[in-house]
2 protein chains.
Amino acid sequence: MTTIDRRDIDFLLHEVLDLDGLFARPRFADHDRGSVAAMLDTAEKLAADHFLPHAAKLDANEPSFDGETVHIIPEVKQALDAYCAAGFMAAHADYALGGMQLPHTVSLAVSAFFSAANISTAGYPFLTRAAANVIAKFGTEGQKAAFLGPMLEGRYFGTMALTEPGAGSGLADLKTAAVPAADGTYLITGNKIFISAGEHGLSENIVHLVLARIKGAPAGVKGISLFIVPKLLGDGRRNDVRLAGLIHKMGYRGTTSTMLNFGEGGGATGYLVGEAHRGLGYMFHMMNEARVGVGLGAAVLGYAGYRVALDYARTRLQGRPPRAKDPGLPPVPIVEHADVKRMLLASKAYVEGALALCLLGSRLVDDSETAATPAARDRAFQLLDLLTPVIKSWPSQYGLAANDLAIQVHGGYGYTREYPVERLYRDNRLNPIHEGTFGIQSLDLLGRKILGDQGKALALLAEEMFATINAAPPSLSEEAGALGGAIALVSETVAVLGRAAAGNRLDEALANSAVFLELMGHVVVAWLWLRMAIAAEAGIGAAAGDAAAFLDGKRRACRYFFRWELPKIRPQAALLQSLDQTCAEMPDAAFG
Amino acid sequence: MTTIDRRDIDFLLHEVLDLDGLFARPRFADHDRGSVAAMLDTAEKLAADHFLPHAAKLDANEPSFDGETVHIIPEVKQALDAYCAAGFMAAHADYALGGMQLPHTVSLAVSAFFSAANISTAGYPFLTRAAANVIAKFGTEGQKAAFLGPMLEGRYFGTMALTEPGAGSGLADLKTAAVPAADGTYLITGNKIFISAGEHGLSENIVHLVLARIKGAPAGVKGISLFIVPKLLGDGRRNDVRLAGLIHKMGYRGTTSTMLNFGEGGGATGYLVGEAHRGLGYMFHMMNEARVGVGLGAAVLGYAGYRVALDYARTRLQGRPPRAKDPGLPPVPIVEHADVKRMLLASKAYVEGALALCLLGSRLVDDSETAATPAARDRAFQLLDLLTPVIKSWPSQYGLAANDLAIQVHGGYGYTREYPVERLYRDNRLNPIHEGTFGIQSLDLLGRKILGDQGKALALLAEEMFATINAAPPSLSEEAGALGGAIALVSETVAVLGRAAAGNRLDEALANSAVFLELMGHVVVAWLWLRMAIAAEAGIGAAAGDAAAFLDGKRRACRYFFRWELPKIRPQAALLQSLDQTCAEMPDAAFG
């Protein structure tokens, strides 16, 4: 089983996303193509040697809880020890924190190898880094010394403990309580659910980032504070955090999903992060990056399925060419059948498009932090903020679609647990749900990022797209023209929705936001396919053999996307512009 | 957990499909609305009492093989014994065979309750009836006495043993061999795979219908014969059929999927069905009905997911209406959120549309057998034959889409194995694969049923659709007009593809057949939604309360389908008419 074709990563980093441009910045001055290549080599090998081999075993032998201890197959800890020993946990962090100041773009490319090989095992460092980022940004020096340092060393792992049984998408209803203690700490009581990596024996300690309400805080989201609640206190005693049970999931089974009870013995000791009542803002500050990470996981799970299906299609013999009436002819590899090519090309366009989208997102994270001027950093942040719901959602939808096609390419075999494609599908089904569901992302995009912003960030994105259109060679004029038309369609649609919102019809404008998110996703990915095709055109003249075929594949996937996928936005735009309320007006009783 | 809302079945049988018209025919003279209602009552209760309760347990405790015996939780046999005792196995069969001569339309409605409750347990009688139908049609009197009788009594179960490790979609490559013995029987040797219900202890005997090649037969599909190969011979000895192993599937886990070795000890005794070399034709003769059954399974799995999601959405409290800024207000049931309504209304339109499609299919089976005149029977058969790939595929795609939405409505809970929606999803993922994959169905539809038929059956279907358009009241003129436009679009598209085929470009015309199948499915289901809406309009004036809300729901789902779904066919038609070869021309090396 293959994971990631290194050529795709190199093509995106160097030919599409201009990684060289980052090396010129002071923060990344010690890096160059050679050092990045070495890092990717290590990731590729480590993922193949330590993550991939136990992926199926971990799925079939999910973590269990005997009332005392969570049992996880030993390969997980061995893999994570090797991961931490190679320095990957801290690679993106500052030198001062023991990191390597690796660009986020490269960090995300590194993650691609691990997540494609074994998303469940890769889940532990993913969550740890996300939690570490919050502490690095908003924690006190003492908190950094006590928690961040060991996290970046890989000795402590982290969690994000937001969700409660009655508060998933609706964080305003969080009930976990925090009561100030005399020593400046807080006593935390409450129940959390779906906390990934909430209990395990993989690290010396577990650092929970817990959202809770300080007694007397305002109702709603403006009364939520953020706390560090470690599993073990500084003196080594157990904190008052108890595992109430493990949740058994469809997939992603190797990352424990937990129900945690805080304060059953009177109160878990928590340390306030930043100021009181501002917890949700701190979490959201890091959310763009976390959501890019979720998108990447979805993209590479789809990608892994595509590669497995491609290998299968090249070796599985079945049927004959359409015109071959002689049954004495030998059967052909199924990759030669038009409908199999359709499924594979669709998958390729989805997963490589999704990968490009996520790496673009991480490039925007880098730019928002390290671009030369405040204006450039601000522009990058606005683009990132606008695109985050798309980067989280489109790969979650279309990476999954690729996993579905990978099963279909395999026929009956794909439905069995003897082949990896059904597992990859089950793993990926989580991604449209966690870190903000598809519906929540769509409201974020249309309501907050576009209508709430008067379309300013959207105008910046259109500028970027027009720059690509202008850079397209004549051989890509069909695609360039179609992208221009798509931008116009988005503008018209946003104008109609904006007028409705301004005319006291905001609910109606937002009612079909999910359709808008799908539409935007396709336009953004079409843009990225055009960028990839331009890069391929630029390189193909000097290429031969496999390298030429590789670049030709990019051009063809671009063509597929523009001919087969982008036209789907027209009925979507028409529906949105009609402000159709068929769904929104459905009375409960009429559902049956 | 609900399974099927009886009102949907009654509405379809009586208001849409004119079941009364069947009672006038001699074969069904003993039936009336009252007897059918009693039968449905029994099915509903039996499914709820004996099939539903062990569905989750069976999934979590799939059948196992210890090298000697297949172990299945005892609830399965208890349920099937109750099913057979109630006479359901033979309900559709002739009186002479101990049956009740129930219309296929009613039989399928009965199946809906069992399959929605527990598709795995319902799989055993489904396969038995399919095998029994072949023997009833093509077997000798001796074969009927030896096998068909006990099958209809529920003492013997059946299988369809077609697929081999190297021959799935490509049946031409079947290798299983049959050698004539002196006594008129045959010795069968070969390996079969994915044989559902191929081994178990649920019945006294298992009757395998095996496709094999008689020594010296022509190559390809014209040299395949059909054999009855029982697990136990007449004298009670084991036949030479050995279970090589169970296959572990993503879902549908309770129906054993087996690898069977025939003739390891020298040869399994087989009895030729009908004439030599005509086996595939016999199998295909029964395929329409079997494929309608697959479609029904897919429809009701989606339906069951929808009902669970609807119940959940009505009780789960989360969030507030869009304009409610006061966090002190209590949270609302999520069914009140526009995006949840969207998911539920889409699901409703998919699963109720799919159910209507399948019941229409079974009504056509009835008409093809019992309509008053040969011309009417022939017309019904042509329509059935044309629609079969749609009836098999559209529910497999959109029932599954409803299962996906049911997970999404549940949020994180939907991804856990504590709720049934993830199981229903996993179960349903089989349906686009078995009994002819989506790709195979699309070639059957476009290549054989339309282009190969010069569009004659399609013209009959258009006639039926125009009759519906003409019957639409003014309140449904938007939908009636849109259906007319869709028919025109199909005609244009078929004309373009037909010209290409006639112009020696058949491969190009067929290259995108999967898109054509999707397009046709949406047009056919739009037609059925218009029929349902017309029936709802006719009844709503006299209805009140829940009954009025029920009929109103049909009108609204129809509106949803025409506004949200049908417009998707325009880009599909454009793509097809362009004869785009982007996929078909993709070189293997360019995939990467």
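**Entry 1: a start in chain B**

I began with B:Cys84, which counts as buried at 16% relative accessibility. Buried means under 20% relative accessible area, exposed over 50%, and partly exposed in between, with a 1.4 Å probe and protein chains only. I noted that this is a predicted model, where local features need pLDDT of at least 70, side-chain atom pairs count only at pLDDT 80 or more, and totals for chains, interfaces and linings use all residues. Residues are numbered from 1 along each chain as its sequence is written, chains are lettered from A and ligands numbered from 1 in the order in which they are written, and side-chain values use heavy atoms, leaving out hydrogens and water.

Next I looked up B:Leu46. I found it in helix 3 (residues 33-51) of chain B. Helices (H or I, at least four residues) and strands (E, at least two) are DSSP runs, numbered from the N terminus. B:Leu46 is buried, at 10% relative accessibility. Which residues is B:Leu46 in contact with, leaving aside neighbours within four places in sequence? I listed B:Phe51, B:Ala79, B:Ala82, B:Tyr83, B:Ala86, B:Phe88 and B:Phe114. Contact means heavy atoms within 4.5 Å. I also checked B:Asp367: it is 321 residues from B:Leu46 in sequence and 29 Å away in space, C-alpha to C-alpha.

**Entry 2: aromatic rings**

I counted aromatic pairs over all chains and got 36. Rings of Phe, Tyr and Trp (its six-membered ring) pair if their centres lie within 6.5 Å; planes under 30 degrees apart count as stacked, over 60 as edge-to-face and the rest as tilted. I picked A:Phe51 and A:Phe114, a tilted pair with 4.7 Å centre to centre and 55° between the planes. A:Phe51 lies in helix 3 (residues 33-51) of chain A and A:Phe114 in helix 6 (residues 104-117) of chain A, so the pair ties together parts that are 63 residues apart in sequence. A:Phe51 is buried at 0% relative accessibility, and A:Phe114 is buried at 2%. Both belong to one aromatic cluster with A:Tyr83 and A:Phe88.

**Entry 3: domains and strands of chain A**

I noted the division of chain A into domain 1 (6-156), domain 2 (157-281) and domain 3 (437-584). These bounds come from an automatic or database domain assignment. The C-alpha centres of domains 2 and 3 of chain A lie 39 Å apart.

I then turned to strand 9 (residues 257-262) of chain A. Why is strand 9 of chain A largely enclosed by the rest of the structure? Five of its six residues are buried, so the structure largely encloses it. It runs antiparallel to strand 5 (residues 186-196) of chain A, joined by five bridges. Two strands pair if DSSP finds at least two bridges between them. Here A:Ser196 stands opposite A:Ser257. Strand 8 (residues 241-246) of chain A also pairs with strand 9 of chain A, antiparallel over five bridges. There I matched A:Leu246 with A:Thr258.

**Entry 4: last checks**

How many disulfides does the structure hold over all chains? I found zero. A disulfide is a pair of cysteine sulfur atoms within 2.5 Å. For A:Cys358, the nearest cysteine sulfur, that of A:Cys558, is 18 Å away. A:Cys358 is buried, with a relative accessible area of 0%.

I closed with A:Asn403, in helix 12 (residues 374-410) of chain A. A:Asn403 is buried at 0% relative accessibility.
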